[in-house]
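Visitor: I would like to learn about the disulfides here. Please walk me through them.

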Amino acid sequence: MILIIRPGELTVKRGATRLEMERLLLRAAREAAGECGGARFRREPGRIYAEGDVECLKRALSRVFGVKSVSPAHVVTFKEVGDIASAAAALWSNAAAGRKFAVRVHRVGDHPFTSRDVAAAVGAALVAAGGTVDLENPEVEFFVEVRGDKAYLYTEVVEGPGGLPLGSEGKVLALVSGGIDSPVAAWMLMRRGAHVDVFHCALGGTPTLKRSLEVIRQLLSWSYGYNARVIVADCSPVAKAIRAKVREELWNIAFKRALYLAAAEAARRVKALALATGESLGQVSSQTLQALAAVEKGLDMPVLRPLIGMDKEEIVQLAKRIGTYDLSAHMPEYCAIFSRRPKKWATREEVEEIDLAVGDVAREVASAAKVLRKRELADYISTLSPPTDLEVEEPPPDAVVVDLRDEESYKRWHYPGAVRADVEDVAKLVDKLGRDKTYVFYCYSGGLSIDVAEALRKQGIRAYSLRLRLDRE
């Protein structure tokens, strides 16, 4: 058995460009094959062949950018068409018996026969085995690819990502959260050949950071051939500055602006030529055309938005293909800088006001960010744990106890004296009751309350998670 690898778009390139793209594709393929104990590669015009653990290589190499599809195949060296037909009968007679089938032939090179001759000979052999030819609605398809004196026989075509080999189109810094959209945007730029480094703005606590980094790790599992950088910035100083210095109706735009400024600083640090985001036009208030125009004013590099014209369902389907959807869909969201009645645009004067309030803080956050490599992520994630004093058995005296569960659960039972709040309203509750108080949070399993308490700690607020384990019923 051998694995046929079909390069995609690079086959229309010529000269030095094509040679460089083939080199990049093979580099990525070798890294992917490392997951399978390695492989021996051979190439010829329009095809690459891999020998090794074919089933494993099929899974790994179908995730390499620049690969259109792969097929595990049996190789037959032939002298005449009859040799191909005999080999096909030996392989496929049982599969064809009692079923409607079609034979599809692709031929390259000079031969004393045509593709139709091969299809007819193989078809006749399979009819003799009990099959019925049906080219329009077959139950099973048999493929024969003839190249030189070899025929490759296969029944499976596994789709690859296509696009261009990674590294053929420069470097981009992608702003990636733990949500659904931004990893898809980064993946789409990888698919177009860009080396993608990742900028992650951490606003929650350690549990959310761990989950976000798992999303990023899954995204970068596609990044064969490039040991991508992951820049992790503690953005709690940005949140604090926005809440203290920016009018509430501008918080959403101010956060996006600060994120752009921080990412632009980080992009210069890693020598990226552009930023990339997961924004889709009109999806939320900060993604109106006016808001997007406002937040990128004055940046000295382009902002790429691969998802700009996509709807949510299209994005979700791609996230499922990439493997990030299940991780992202269960990500609890805690953000202290989203206003209830946000403006959908900002004037030039308001953008200047935002820059004065958060520009320096955003750049400082980027400069202090931790830079990891893709291959370091797993070890780094394993070291992350919340502060040891974050959980308490009983609330301290005079603490404000906050129930983060849904309203029905709160009505059935709640800790004596507890108030209820949705997680996105926690920051407003703290502002209302006072940042000098002590807050104790609880939820169902403890994960969200730990996250919220740790995030508030970063803002200088005394906060704890109450060690309760409550059923959702």
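Guide: Here are some short questions and answers on the cysteines. This is a predicted model, where local features need pLDDT of at least 70, side-chain atom pairs count only at pLDDT 80 or more, and totals for chains, interfaces and linings use all residues. Residues are numbered from 1 along each chain as its sequence is written, and side-chain values use heavy atoms, with hydrogens and water left out.

Visitor: How many disulfides are there?
Guide: A disulfide is a pair of cysteine sulfur atoms within 2.5 Å. Counted along the chain, the bonded cysteines follow the pattern 1-2, 3-4. By this rule the count is two.

Visitor: Which cysteine forms a disulfide with cysteine 36?
Guide: The two sulfur atoms are 2.1 Å apart. The link is left-handed, with -80 degrees about the S-S bond. The partner of cysteine 36 is cysteine 56.

Visitor: Where does cysteine 56 lie?
Guide: Helices (H or I, at least four residues) and strands (E, at least two) are DSSP runs, numbered from the N terminus. Cysteine 36 sits in the loop between helix H1 (15-33) and strand E2 (40-44). Its partner is 20 residues apart from it, and cysteine 56 lies in helix H2 (residues 54-61).

Visitor: Which cysteine pairs with cysteine 201?
Guide: Their sulfur atoms are 2.1 Å apart. Cysteine 201 lies in strand E11 (residues 195-202), and its partner in the loop between strand E12 (229-234) and helix H7 (236-245), so the pair ties together parts 34 residues apart in sequence. That partner is cysteine 235.

Visitor: Is cysteine 235 buried or exposed?
Guide: Buried means under 20% relative accessible area, exposed over 50%, partly exposed in between (1.4 Å probe, protein chains only). Cysteine 235 has a relative accessible area of 2%. Therefore cysteine 235 counts as buried.
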